[in-house]
Each structure stands twice: as structure tokens, then as C-alpha cells.
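Here are my notes on the model, set out as numbered points. Please read them with the structure open.

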Amino acid sequence: GEAANLPRKLKFRSKTRKKGLAIVTDPREAATILMLGVAQVAGEVTDEHKAEIRKQVEKGFDLGPEDSEELLSRAIWILSDLNDPGNAINPMMDLISQNVGTDEMQDFMRMMKVIIAIDGELKPPQRSFMTRCRGRAGLR
């Protein structure tokens with residue numbers, strides 16, 4: 001689990017002086033950060049949220065359990081530096097937009113909706129988060 005990945009994480013951190021969002025260059029990581037962010041703005045991120053994010057990442061990005069766990073762990077670490085998960089929207093959506101087409105972007109929006117559905121209903125902060133994501137991606 002978390003402890004087993006610590007040496008790799010620490011090695012990763014020391015490799016770069018950049019912090020937070022500046023280290024994200026992979027659109028899959030950006031997408032994972034935003035899925036976590038849309039859960040976080042509604043309140044506490046539960047184990048159920050994390051399990052669903054891992055599932056979406058594995059299915060959507062064709063990754064194995066170890067890679068999806070690493071993406072999630074890094075997303076948690078990166079978001080922990082931000083006061084507001086909404087601060088991740090513009091840089092992460094820009095990174096995703098530069099790397100995927102319209103179909104993939106629509107798939108990503110569906111992934112986000114699956115995460116929101118865990119809470120039962122769309123909460124106002126989630127609606128705002130999604131509106132900003134869609135707007136940044138040029139979607140209506």
C-alpha cells in the first residue's frame with residue numbers, strides 16, 4: 001500500500017524541484033487529479049471514491065492496478081498542496097485538451113460524472129467544478 005510506495009515517492013520528489021501542478025505532464029495524471037478534485041469539492045473523499053477513481057483509470061486508460069494506484073497516490077499528494085481543488089482545473093484541463101480529441105474528452109467527462117454519482121446527487125460545488133472543466137475544454 002501507501003508505505004510500500006514511499007521510497008519510490010521520495011525518490012520521485014527529490015528528482016524534481018518543481019512543486020504541485022507544475023510536475024504534471026501526463027494527461028492521464030491530470031484527469032486523475034480532476035476526478036479526485038470533483039470528489040473533494042463535495043466533502044470528504046471516501047474509500048468508495050478512491051476505488052471508483054482507480055476503476056475508471058484502469059478501464060479508461062488501459063492501466064493495471066499498480067499504475068492506477070500510483071496515479072491516485074500522486075493525485076492525492078499533488079492536491080494536498082492546493083487550498084482549493086478548483087485551482088487545478090485550468091492547468092489540468094489545458095494539459096488534457098492539448099493531448100486528446102473530442103471523443104476522449106467526452107469519455108473523460110463521463111468518467112467525472114461516474115465519480116459524482118457516488119455522492120448520489122450533483123452538489124453545487126461539483127456543478128461549478130464541472131462547468132469550469134467543460135468551459136475550459138470548450139464543451140457546452
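1. A cut-off comes first. A residue is buried under 20% relative accessible area, exposed over 50%, and partly exposed in between. Pro-91 has a relative accessible area of 34%, so Pro-91 is partly exposed. This proline sits in helix H5. Its C-alpha lies 9.2 Å from that of Val-24, and the two residues are 67 apart along the chain.

2. Some context for the whole chain. The model is predicted. The protein chain has 140 residues, and buried residues make up 40% of them. Its secondary structure comes to seven helices and zero strands. Read from the N terminus, the order is α-α-α-α-α-α-α. Take the contacts between residues at least 6 apart in sequence: 73% of these join residues at least 24 apart.

3. Next, the core. The largest nonpolar core holds 40 residues. Within this core, Leu-34, Met-35, Met-93, Phe-108 and Met-112 touch the most other members. Two or more residues come from each of helix H2 (27–40), helix H3 (47–61), helix H4 (65–79), helix H5 (89–99), helix H6 (102–117) and helix H7 (124–136). H2 gives the largest share, eight residues.

4. Met-35 deserves its own entry. Which residues does Met-35 touch, not counting residues up to four places away in sequence? The list is Ile-53, Gln-56, Val-57, Phe-61, Phe-108, Met-111, Met-112 and Ile-115. Among them, Phe-108 and Met-112 also appear with Met-35 in the group that touches the most other core members.

5. Now the H2 and H3 pair. Their axes are 11 Å apart and the packing angle is about 150 degrees. Angles over 145 degrees count as roughly antiparallel, so H2 is roughly antiparallel to H3. The crossing of H2 and H3 is right-handed. On the H2 side, the contact is made by Arg-28, Ala-31, Thr-32, Met-35, Leu-36 and Ala-39. On the H3 side, it is made by His-49, Ile-53, Gln-56, Val-57 and Phe-61. By class, this contact of H2 with H3 has seven nonpolar, three polar and one charged residues.

6. Phe-61 is one of the H3 residues in that contact. Is Phe-61 buried or exposed? Its relative accessibility is 19%, so Phe-61 counts as buried, given that the cut-off is under 20%. Leaving out residues up to four places away in sequence, Phe-61 touches Arg-28, Ala-31, Thr-32, Met-35, Gln-56 and Met-111. Arg-28 is 33 residues from Phe-61 in sequence, with a C-alpha to C-alpha separation of 7.1 Å.

7. Please check the backbone at Asp-62. This residue is not a glycine, although its phi is positive, at about 55 degrees. Asp-62 is found in the loop between H3 and H4. Its relative accessible area is 70%, so Asp-62 is exposed.

8. On to H3 and H4, the helices either side of that loop. They pack at an angle of about 125 degrees, with axes 9 Å apart. H3 and H4 are therefore oblique to each other. Their crossing is right-handed. Lys-50, Ile-53, Arg-54, Val-57 and Glu-58 in H3 face partners in H4, and those partners are Pro-65, Ser-68, Glu-69, Leu-71, Leu-72 and Ile-76. The contact of H3 with H4 divides into six nonpolar, one polar and four charged residues. Ile-53 and Val-57 appear in this contact and in the contact of H2 with H3.

9. Last, H5 and H6. The angle is about 140 degrees and the axes are 9 Å apart. H5 and H6 are therefore oblique to each other. H5 passes H6 in a right-handed crossing. H5 contributes Met-93, Ile-96 and Ser-97 to the contact, and H6 contributes Met-105, Phe-108 and Met-109. By class, there are five nonpolar, one polar and no charged residues. Met-93 and Phe-108 also belong to the group that touches the most other members of the largest nonpolar core.

Notes. Residues numbered from 1 in each chain as written. Predicted model: local features only at pLDDT ≥ 70, side-chain atom pairs only at ≥ 80, totals over all residues. Heavy atoms only, no water. Core = buried A, V, L, I, M, F, W, Y, C linked by side-chain atoms within 4.5 Å. Buried < 20%, exposed > 50% of the residue type's maximum accessible area, 1.4 Å probe, protein only. Helix = DSSP H or I, 4+ residues; strand = E, 2+ residues; numbered from the N terminus. Contact = heavy atoms within 4.5 Å. Axes fitted to C-alpha atoms, helices over the stretch in contact; angles between N-to-C directions. Parallel < 35°, antiparallel > 145°, perpendicular 65-115°, else oblique. Left-handed = near helix turned anticlockwise from the far one by under 90°. Nonpolar A, V, L, I, M, F, W, Y, C, P; charged D, E, K, R; others polar.
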